[in-house]
Amino acid sequence: MGETVSKFAIADVGALKLNDIVGGDGRNSGTIFIGGKIASLSVERFVIGGDGEGSGSVFAGLDAGLAGDLGAVTIGVSLQGGEGASSGTISSTGKIAGVTIGASNLPDVLRVKGGAGDWSGAVFS
């Protein structure tokens, strides 16, 4: 089993800039939890879910007292679900300003791909 590594902030955060978000075997491994808003999310290459439920994901608005809006989301190459339910997801309890995934010259099938897990490889608001 892989080590579960997740990050949690109980407030609004500014811009998040990452190279990749990659889930593992553990539940919520490689996942970022934010209590409130995320100003923007930029992932240079991949968001990839793993075998663990909720792995390789970003969740905004987990604190009931804070709005969960998410600014512009940019993923450079692709969003891919994994074996775990809700793996490889971008999720907000509020509004999402916009989502751009992959270069325009890539076929859609290479930009967003679901996995074996229910609700994997998805964007929710």
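Me: Contact here means heavy atoms within 4.5 Å; in this predicted model, which residues is Ile-90 in contact with, leaving aside its neighbours within four places in sequence?

Reply: With those neighbours left aside, Ile-90 is in contact with Leu-41, Val-58, Leu-70, Val-73, Ile-75, Leu-79, Ala-122, Val-123 and Phe-124. Ile-90 is also listed, together with Ile-38, Leu-41, Val-58, Leu-70, Val-73 and Ile-75, among the residues with the most contacts inside the largest nonpolar core, which has 17 residues. At least two residues of this core come from each of strands E4 (31-34), E5, E7 (58-60), E8 (70-75) and E11.

Me: Why is the pair of Phe-33 and Phe-59 called stacked?

Reply: Rings count as a pair if their centres lie within 6.5 Å, and as stacked if their planes are under 30 degrees apart. The centres of the Phe-33 and Phe-59 rings are 5.4 Å apart and their planes stand at 10 degrees, so both conditions are met and the pair is stacked. Because Phe-33 belongs to strand E4 and Phe-59 to strand E7, the pair ties together parts that are 26 residues apart in sequence. Both of these residues are buried, and the structure holds 2 aromatic pairs.

Me: How do you know that E2 and strand E5 (residues 38-43) pair, and how do they run?

Reply: Two strands pair if at least two bridges are found between them; 5 bridges join E2 to E5, so the criterion is satisfied, and the two strands run parallel. Within E5, Ser-40 is the bridge partner of Ala-15.

Me: What makes E2 (13-18) and E11 (96-101) edge strands?

Reply: The open sheet has 4 strands in the order E2-E5-E8-E11, with parallel pairing, and E2 and E11 each pair on one side only.

How values were computed: Residues numbered from 1 in each chain as written. Predicted model: local features only at pLDDT ≥ 70, side-chain atom pairs only at ≥ 80, totals over all residues. Heavy atoms only, no water. Core = buried A, V, L, I, M, F, W, Y, C linked by side-chain atoms within 4.5 Å. Buried < 20%, exposed > 50% of the residue type's maximum accessible area, 1.4 Å probe, protein only. Contact = heavy atoms within 4.5 Å. Phe/Tyr/Trp six-rings, centres within 6.5 Å; stacked < 30°, edge-to-face > 60°.
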